[in-house]
Amino acid sequence: MSKQAVQTDQAPAPAGAYSQGVVTGGFLYTAGFGPQEPQTGQVAPTVGEQTRQVLANVSAVLAVHGLTLDDVVKATVHLENLKADFPEFNAVYEEHFTAPYPVRTTVGSDLANILVEIDVVAKLHD
């Protein structure tokens with residue numbers, strides 16, 4: 001099975017040995033994206049604002065293959081403050097996804113100076 005890296009300057013550049021996304025087996029898998037604004041590296045202060053930027057970063061990678069958040073089938077979410085931030089995070093998340101919603105795993109994680117990180121799996125168009 002072959003794989004193809006996905007790259008765009010509309011999302012933060014990788015900070016290590018990983019791709020922004022990979023296409024293989026009929027799916028696009030994204031890296032875990034934080035809330036850094038791609039051109040400036042700025043990070044907003046609230047989990048809601050950070051969630052919006054994370055989803056913009058993810059959307060930019062999906063767009064390389066003509067996909068949107070509507071094509072996402074699986075999301076993995078890491079929250080620095082799971083109990084405290086989940087309601088605000090979830091409200092913003094619900095603004096960006098429609099039914100049928102992707103399956104989702106949300107966990108508390110020790111993140112490096114950010115409040116949220118998300119990676120997704122999206123189905124390529126046939």
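Reader: Where is Asn113 in this fold?
Author: We're looking at a predicted model here. Follow the chain out of strand E5 and head toward E6, and you meet this residue on the way. So Asn113 sits in the loop between E5 and E6.

Reader: Is Asn113 buried or exposed?
Author: Asn113 isn't glycine, yet its phi is positive, near 65°. Its relative accessibility is 77%, and the cut-off for exposed is over 50%. Therefore Asn113 counts as exposed.

Reader: How about Ala91, what is its exposure class?
Author: Ala91 lies in helix H2. Its relative accessible area is 41%, and anything between 20% and 50% falls in the middle class, so Ala91 is partly exposed.

Reader: Which element gives the most to the largest nonpolar core?
Author: That core has 28 residues, with Leu28, Leu62, Phe89, Val116 and Ile118 having the most contacts inside it. Helix H1 (47-63), strand E4 (72-79), helix H2 (82-96) and strand E6 (116-123) each supply at least two of its residues. With seven residues, the one that gives the most is H1.

Reader: Which residues does Leu62 contact, leaving aside its neighbours within four places in sequence?
Author: Leu62 is among the residues with the most contacts inside the core. Setting those sequence neighbours aside, its contacts are Leu28, Thr30, Leu67, Thr68, Leu69, Val72, Val120 and Ala122.

Reader: What is omega for the peptide bond from Ala99 to Pro100?
Author: Pro100 is in the loop between H2 and strand E5 (103-108). The bond leading into Pro100 from Ala99 is cis, with omega near -5°.

Technical notes: Residues numbered from 1 in each chain as written. Predicted model: local features only at pLDDT ≥ 70, side-chain atom pairs only at ≥ 80, totals over all residues. Heavy atoms only, no water. Core = buried A, V, L, I, M, F, W, Y, C linked by side-chain atoms within 4.5 Å. Buried < 20%, exposed > 50% of the residue type's maximum accessible area, 1.4 Å probe, protein only. Helix = DSSP H or I, 4+ residues; strand = E, 2+ residues; numbered from the N terminus. Contact = heavy atoms within 4.5 Å.
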